[in-house]
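Work through the exercises below with the structure open. Try each task before you read its solution.

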Amino acid sequence: MQVLSYSGSQLVDLCSALLLLTCFAIVAQRRLSACVDLFALQSAFLVVTTALVAYLTGNQHLYIAAALTGVIKVIIIPRVLKKVIDRLNVKRELVMCVNVPAGLLICGGLVMLAFFISQPIIPLGFLLTRDSLAIALAIVLIGFFTMIARQKAVTQLVGFLVLENGLFLGATAATYGMPLIVELGVFFDVLIATLIAGIYTNRLQDAFDSVDTNQLTVLKE
Amino acid sequence: MLNLLWILLGSYVVGILLPLCLSRRPEVQSLAAGTPAVVATSAGIVLGLLGITSSEPVTASLVSTIPLLTFAIRLDPLAAFFILTISLTGLAVSIYAIGYMRHFDGRAPVSVLGALFNGFLCSMTLVVLADNGIFFLIVWELMSLVSYFLVVTEHEKAEVRYAGLFYLIMTHVGTAFIILTFLILFYDSGAFSFEAFRHPKQPLPEGMRTFAFLMALIGFGAKAGIVPLHVWLPYAHPAAPSHISALMSGVMIKTAIYALIRVYFDFLDGQFPWWWGFVVLLLGATSALLGVMYALMEHDLKRLLAFHSVENIGIILLGIGAGMIFQSYWLKELAALGLLAGLYHTINHAMFKALLFLGAGSLLYATHAHNIDEYGGLLRRMPWTGVFFLIGAVSISALPPTNGFVSEWLVFQSLFLSYQLPTVFLKLMLPIAAAILALTGVLALACFAKAFGIAFLALPRSTLARHAEEVPASMRVGMGLLAAFCVVLGVAPMVMLPLLDRVVTPLAGISIGGKVLAMDGWALAPVNVEFSSLSTPALSLLLMALALLGWGLAVTFGGRLRKRRYKTWGCGINLTPRMEYTATGFVQPIKRVFSTVYQPTVKLETEFLHESRYFAKRRHFEFHIEPIFEKYLYDPLVAFFTTLADRLRVIQAGSLHLYLTYIFATLILLLLLAV
């Protein structure tokens with residue numbers, strides 16, 4: 001039992017680390033469709049992690065959460081985003097607020113920050129997933145950073161979804177998942193947010209001939 | 001009694017839903033809204049009377065899942081009295097509204113208007129019934145919002161939208177202060193039920209009590225229209241449909257009076273330093289005087305009436321303030337008298353102000369004009385409306401034999417009885433307040449001499465007035481009902497006084513029912529019969545006898561009575577409406593006397609004939625009075641907040657990235673702080 005718990009904990013950590021790795025890939029990636037693919041990959045890792053936690057702890061409702069993640073974040077949302085990208089004539093993001101090397105460095109700093117912050121908390125925990133908390137926090141911060149660093153609405157949306165993945169991982173890591181009803185609500189929210197943001201991106205394209213959110217500054221009086 | 005309450009609330013709900021579901025014909029819809037309202041208000045009248053006379057308060061409650069909130073209601077004599085006031089006014093207004101709705105054909109959806117009307121009455125009823133702080137706030141806000149939507153009925157006009165916005169802001173600022181009041185009361189009792197407010201676990205410290213007093217005064221004062229928080233009234237009342245103005249001015253602002261009495265005499269237990277009462281008295285005197293003075297300068301009939309609401313709230317506060325002063329010196333009988341006078345004026349004002357607003361609505365209905373300078377000669381064309389308006393005008397001017405006279409007389413008496421107070425300062429101040437009240441009464445009389453004279457007498461001043469016709473029957477019935485109440489409450493105060501005494505008894509802790517009525521109930525006395533007394537039935541008989549005497553003298557000594565119809569002699573020229581007094585001209589002397597208050601700007605431009613400077617081709621006369629409060633109090637406040645907002649705009653660059661960075665930086669900072 002001890003061995004299983006130990007190796008299980010190692011496996012969870014590994015999956016979480018893979019999630020973090022995809023984050024860096026997203027930050028480094030300029031092509032929009034590739035970003036979406038990477039997000040789908042990250043979500044797939046999230047599904048594996050959640051299922052793993054469910055198996056190791058025997059929390060049945062986590063299976064449902066994992067399945068929902070699979071359906072919504074691996075299949076539906078990437079499809080919606082791909083459709084939006086097809087409609088736009090932008091394939092690559094050329095101008096960024098922060099260029100890729102600097103962005104990667106900042107992300108590295110954020111990961112250190114996340115570990116620094118979680119350091120005092122982690123030993124207090126007793127769950128086998130407790131180490132993932134720092135990673136989850138790092139993913140949240142990187143997702144947030146992506147929203148700031150990118151200028152195209154689609155990549156900002158991907159940043160938001162990455163952030164949400166981080167939150168989900170954090171919830172799983174810290175408490176073996178939120179109550180099922182809350183998780184269902186969150187999934188619904190994410191789905192709706194994506195749809196709205198997709199529509200919003202289209203409108204942005206129609207109004208400004210661009211999906212560059214910097215254009216929104218002209219709305220100010 | 002509970003069954004009656006459910007009937008009442010149920011009828012309102014039916015009144016809200018029915019007009020929205022029924023067919024599209026406006027006549028059907030206005031009936032569908034009016035009938036449930038009539039049923040509900042009739043039930044309300046009975047419920048009010050039963051509630052005042054019953055020995056124990058009736059309570060009911062519905063527990064909710066939200067913490068601290070229970071839908072608790074409690075019908076004690078004070079609440080019952082206000083339900084009576086709301087329902088009496090509501091009954092007349094509902095009947096009136098059935099006909100008046102035709103005025104809005106094609107301009108506003110009758111169904112929505114009818115539903116909101118019922119909702120408005122219902123929310124006011126619940127405000128006085130609520131027995132839980134949060135529930136009170138919910139229905140209070142509901143009342144404010146519903147009345148806002150009613151104010152902006154004609155939202156296609158820019159000035160109506162402005163009035164609505166102004167009202168909404170003022171009422172929400174008020175609500176903020178009310179929330180503070182309740183939080184202070186909550187602070188020590190730990191619960192939001194009124195029962196806990198009444199009996200806190202430990203008594204509130206003195207400082208907190210004072211704070212609660214001031215917050216409640218500002219919060220409810222904004223709704224009541226106490227100077228200087230009255231500025232929304234002259235905007236909102238003219239903008240709203242007339243029957244709604246009648247309810248807002250007659251009843252809604254009274255809910256604030258209810259709440260003030262509830263907080264001061266019930267929650268704070270009627271124990272306060274003398275200066276609380278003095279502040280209320282001072283505000284009352286200021287409101288009364290300034291209200292009537294600004295009313296005099298108004299030519300829009302509904303704006304004029306709105307300013308009179310400020311005046312009458314002032315008179316009510318004079319009574320309550322005097323009561324509070326007496327209460328703090330343990331002169332219980334006099335405290336009860338002051339409160340009683342204030343409450344009596346509350347119901348009286350509801351009657352005559354609603355009547356006057358309905359009258360104004362009838363004039364609007366008949367002429368489609370707001371300005372009294374466009375009326376004239378309407379008494380002959382609309383005799384019923386004219387007579388009812390006259391009764392209202394007599395009543396608001398505090399002339400016998402109407403109700404306004406009785407309650408103002410009681411307020412006077414309670415102010416005069418200040419000689420029993422122990423301090424010289426107050427012995428001086430209360431009679432000064434009485435003098436101000438006297439001045440107010442005279443100015444009100446002048447104002448209504450103007451309003452009635454210009455609107456109803458002489459020749460029509462516009463084609464609109466010339467073609468005016470009497471209003472439909474339901475509107476006349478509504479006004480007639482209120483006029484009858486005005487006279488009954490004036491001639492027979494002994495009907496009302498025992499009821500009022502029951503309301504006041506738990507608040508002041510003493511019953512003065514036996515002492516305010518002398519001569520087996522046929523005369524009124526301010527506690528002490530030796531001091532003064534007044535018999536209104538005798539007074540009315542005397543007035544009638546005098547009228548008969550005059551007529552008799554005219555018949556006996558005046559020779560033969562012969563009717564001769566002829567034009568008014570005009571020195572040989574034909575009389576035209578242009579020769580009549582204008583409303584501006586009528587009040588010119590008063591404007592001169594009080595020019596320090598009004599600070600008028602008069603502009604006279606004369607355009608001369610080209611050939612000679614001795615002949616004027618056209619004269620243009622303009623005159624404005626300075627809106628002091630708006631200029632020196634509100635404009636600086638608004639300017640301050642605008643500058644503040646401008647400063648803050650620096651951080652609002654409009655860039656999505658910047659906003660995200662703000663959030664991100666805050667998040668990181670908080671995380672670092674937490675470590």
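**Exercise 1. Burial and overall form of chain B**

Task: Determine what percentage of the residues in chain B is buried, then judge the overall form of the chain.

Solution.
- Step 1. The model is predicted. A residue is buried once 20 or more other C-beta atoms lie within 10 Å of its own.
- Step 2. Chain B has 675 residues, and 50% of them are buried.
- Step 3. Count the elements: chain B holds 27 helices and six strands.
- Step 4. Its radius of gyration is 27 Å, and the globule rule gives 26 Å for 675 residues, so chain B is as compact as a globular protein of that length.
- Step 5. Along the principal axes, the C-alpha atoms of chain B occupy a box of roughly 100 × 75 × 60 Å.
- Step 6. Take the contacts in chain B with a separation of 6 or more: 78% of them join residues 24 or more positions apart.

**Exercise 2. Domains of chain B**

Task: Locate domain 1 and domain 2 in the domain assignment of chain B.

Solution.
- Step 1. The assignment places domain 1 at 596-626 and domain 2 at 630-674.
- Step 2. Over C-alpha atoms, the centres of domain 1 and domain 2 of chain B are 49 Å apart.

**Exercise 3. Chain A as a whole**

Task: Describe chain A by its helices and strands, then test its radius of gyration against a compact globule.

Solution.
- Step 1. Chain A contains seven helices and zero strands. The order from the N terminus is α-α-α-α-α-α-α.
- Step 2. A compact globule of 221 residues would have a radius of gyration near 17 Å; the 18 Å of chain A agrees with this.
- Step 3. The box filled by the C-alpha atoms of chain A is roughly 60 × 35 × 30 Å along the principal axes.
- Step 4. Of its 221 residues, 42% are buried.
- Step 5. Contacts between residues 24 or more positions apart make up 74% of those in chain A with a separation of 6 or more.

**Exercise 4. Helix 3 of chain A**

Task: Find where helix 3 of chain A has a kink, and which helices its buried residues pack against.

Solution.
- Step 1. Helix 3 covers residues 60-87 of chain A, 28 residues in total. From first C-alpha to last, helix 3 reaches 40 Å, close to the 40 Å expected at 1.5 Å a residue.
- Step 2. The kink sits at Ile76(A) and is about 30°. Pro78(A) follows shortly after.
- Step 3. Pro78(A) is also among the buried residues of helix 3, as are Lys73(A), Ile77(A) and Leu81(A).
- Step 4. The buried residues of helix 3 pack against helix 2 (32-57), helix 6 (153-175) and helix 7 (180-208) of chain A.

**Exercise 5. Helix 8 of chain B and the loop after it**

Task: Check the span of helix 8 of chain B at 1.5 Å a residue, then look for a cis peptide bond at Pro228(B).

Solution.
- Step 1. Helix 8 (residues 206-224) has 19 residues and should span 27 Å; the end C-alpha atoms lie 26 Å apart, which agrees.
- Step 2. Its buried residues include Arg209(B), Phe213(B), Phe220(B) and Lys223(B).
- Step 3. The buried residues of helix 8 pack against helix 6 (158-189), helix 10 (242-267), helix 11 (274-296) and helix 12 (301-328) of chain B.
- Step 4. Gly225(B), just after helix 8, has a positive phi of about 90°.
- Step 5. Pro228(B) is in the loop between helix 8 and helix 9 (233-239). The peptide bond joining Val227(B) and Pro228(B) is cis, with omega about 5°.

**Exercise 6. Backbone exceptions in two loops**

Task: Decide whether Ala398(B) is buried or exposed, and do likewise for Ala458(B).

Solution.
- Step 1. Start from the rule: most residues other than glycine have a negative phi, and most peptide bonds are trans.
- Step 2. Ala398(B) has a positive phi near 60°. Its loop runs between helix 15 and helix 16 of chain B.
- Step 3. Ala398(B) is buried because 27 C-beta neighbours lie inside 10 Å.
- Step 4. Pro401(B) is in the loop between helix 15 (383-396) and helix 16 (403-416). A cis peptide bond joins Pro400(B) to Pro401(B), with omega about 5°.
- Step 5. Ala458(B) has a positive phi of about 65° and lies between helix 17 (424-456) and helix 18 (463-466) of chain B.
- Step 6. With 19 other C-beta atoms within 10 Å, Ala458(B) is partly exposed.

How values were computed:
Residues are numbered from 1 along each chain as its sequence is written. Chains are lettered from A and ligands numbered from 1 in the order in which they are written. This is a predicted model: local features need pLDDT of at least 70, side-chain atom pairs count only at pLDDT 80 or more; totals for chains, interfaces and linings use all residues. Helices (H or I, at least four residues) and strands (E, at least two) are DSSP runs, numbered from the N terminus. The expected span of a helix is 1.5 Å times one less than its number of residues. The bend at a residue is the angle between axes fitted to the seven residues ending there and the seven starting there. A residue is buried if 20 or more other C-beta atoms lie within 10 Å of its own, exposed if 12 or fewer, and partly exposed in between; C-beta atoms are placed from the backbone. Two residues are in contact if their C-beta atoms, placed from the backbone, lie within 7 Å. Domain bounds come from an automatic or database domain assignment. The radius of gyration is taken over C-alpha atoms; the globule rule is 2.2 Å times the number of residues to the power 0.38.
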